[in-house]
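Please look over the model below before reading the comments. They are meant to be checked against the coordinates.

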Amino acid sequence: MPFSRSMFNLFVSKNVRKILKRKDSDAGERGKALENLRGSLFNELRSSEGARRQQQRLCGPTAALTFNFLVSVGIILMNKLVLGKVGFNYPIALTFIHYVLSWFLMAVLNALSLLPASPAKSSRFSLLLSLGIVMSLSTGLANVSLKFNSVGFYQMAKIAVTPSIVVAEFILFRKRVSFQKVLTLCVVSIGIAVATVTDLQFHLFGACIAFAWIIPSAVNKILWSNLQQQENWTALALMWKTTPITLFFLVLLMPWLDPPGVLSFNWNFGNTSAILLSAVLGFLLQWSGALALGATSAITHVVLGQFKTCVILLGGYALFGSNPGTTSICGAITALAGMSVYTYLNLATSGQHPGKSSLRQVSFSSLKSKLSKENGDIRDGVGAETV
């Protein structure tokens with residue numbers, strides 16, 4: 001009996017060890033699979049192509065435009081509050097604070113290895129330098145215009161950005177716009193002009209700044225859209241590269257456009273909190289604008305800006321009982337109708353050539369399967385040699 005009991009215990013202990021060993025092996029395989037999955041996701045985010053695919057997958061045109069719309073409305077009101085009630089009469093310095101906070105947040109992401117990588121084939125430095133310069137001019141001059149002019153005149157100045165983009169894209173890239181779209185954009189511009197004609201309080205110096213802002217704003221949108229769509233930049237990676245250039249030129253603009261005394265401003269808790277909140281919205285605006293330009297086009301982004309004007313005007317009339325006048329409301333409705341037709345024309349144009357996109361997808365999938373098969377053959381050959 002003792003002998004049989006000892007044999008039974010030995011048999012059971014061996015089976016238990018086998019089961020535990022098998023469980024440990026299974027757990028190790030699962031852990032290795034999870035580690036490989038995490039590694040592949042990390043590698044995809046760290047490559048420019050993978051990061052761009054993730055950006056397109058997570059933030060399509062609708063999400064990007066909605067995100068940009070909400071942030072844009074918030075920052076216009078917030079900047080008007082900071083430049084008006086708070087009394088921070090330094091629009092270029094305010095823009096500088098925006099970009100400093102943006103650079104700090106992106107530096108944190110970069111330290112955590114969460115910032116997407118730049119494309120393997122980097123763009124010409126002249127393009128990045130040009131983008132940094134026009135960013136400093138467009139954002140800085142926009143805040144100066146907002147300081148001296150009313151919100152209505154600020155929105156009116158944006159009307160001239162649309163024809164500027166059409167002309168600039170034709171000169172730079174030979175990009176043509178159909179007659180139907182040109183006619184629709186004219187209707188949108190006329191509607192916005194009529195809608196904002198009752199709020200045209202402006203300063204002569206502010207009007208000059210607003211007109212000087214038009215060309216940099218148009219070039220800024222064109223470069224952002226082109227670099228992302230043609231050269232595989234992601235929004236955050238391009239912001240990381242161009243923000244130091246923008247900060248440098250904002251420092252050069254301060255003595256010319258800002259009054260002296262920014263350091264003697266009353267930096268109490270309330271004022272500082274309002275300025276920092278404006279800076280956070282500035283980072284979100286820059287990011288959302290880059291996402292929208294990467295997902296759509298420069299003209300579509302401008303039309304979105306006009307849509308914001310109509311929504312603010314009609315929303316104030318419907319929700320808060322403001323009475324901008326029958327003329328302004330009719331202008332806003334006309335502009336919205338023009339935007340609807342423009343959106344329909346864009347969708348119709350994108351749907352005219354579905355065969356090309358499907359052919360491209362088929363050829364890409366066949367190429368991918370061919371490469372996978374070749375890689376599998378190579379791995380089999382290597383395995384045979386090692387054995």
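The points below cover selected helices, one buried serine and charge pairing.

1. This is a predicted model, in which local features need pLDDT of at least 70 and side-chain atom pairs count only at pLDDT 80 or more, while totals for chains, interfaces and linings use all residues. Numbering runs from 1 along each chain as its sequence is written, and side-chain values use heavy atoms, without hydrogens and water.

2. Helix α3 spans residues 61-83 and reaches 32 Å between its first and last C-alpha, close to the 33 Å expected (1.5 Å times one less than the number of residues). Helices are DSSP runs of H or I, at least four residues, numbered from the N terminus. Among the buried residues of α3 are Ile75, Met78, Asn79 and Val82 (buried: under 20% relative accessible area; exposed: over 50%; partly exposed: in between; 1.4 Å probe, protein chains only).

3. Ser278 lies in helix α11, residues 269-295, and is buried at 0% relative accessibility. Beyond neighbours within four places in sequence, Ser278 is in contact with Ile75, Met78, Asn79, Val82, Leu94 and His98 (heavy atoms within 4.5 Å).

4. Helix α9, residues 204-231, reaches 41 Å against an expected 40 Å. α9 bends by about 30° at Ile214, with Pro216 following within four residues; the bend is the angle between axes fitted to the seven residues ending there and the seven starting there.

5. The whole structure has one salt bridge (a side-chain nitrogen of Lys or Arg within 4 Å of a carboxyl oxygen of Asp or Glu). Lys175 pairs with Glu169 at 3.9 Å. Lys175 is partly exposed at 41%, whereas Glu169 is buried at 7%.

How values were computed. Helices (H or I, at least four residues) and strands (E, at least two) are DSSP runs, numbered from the N terminus.
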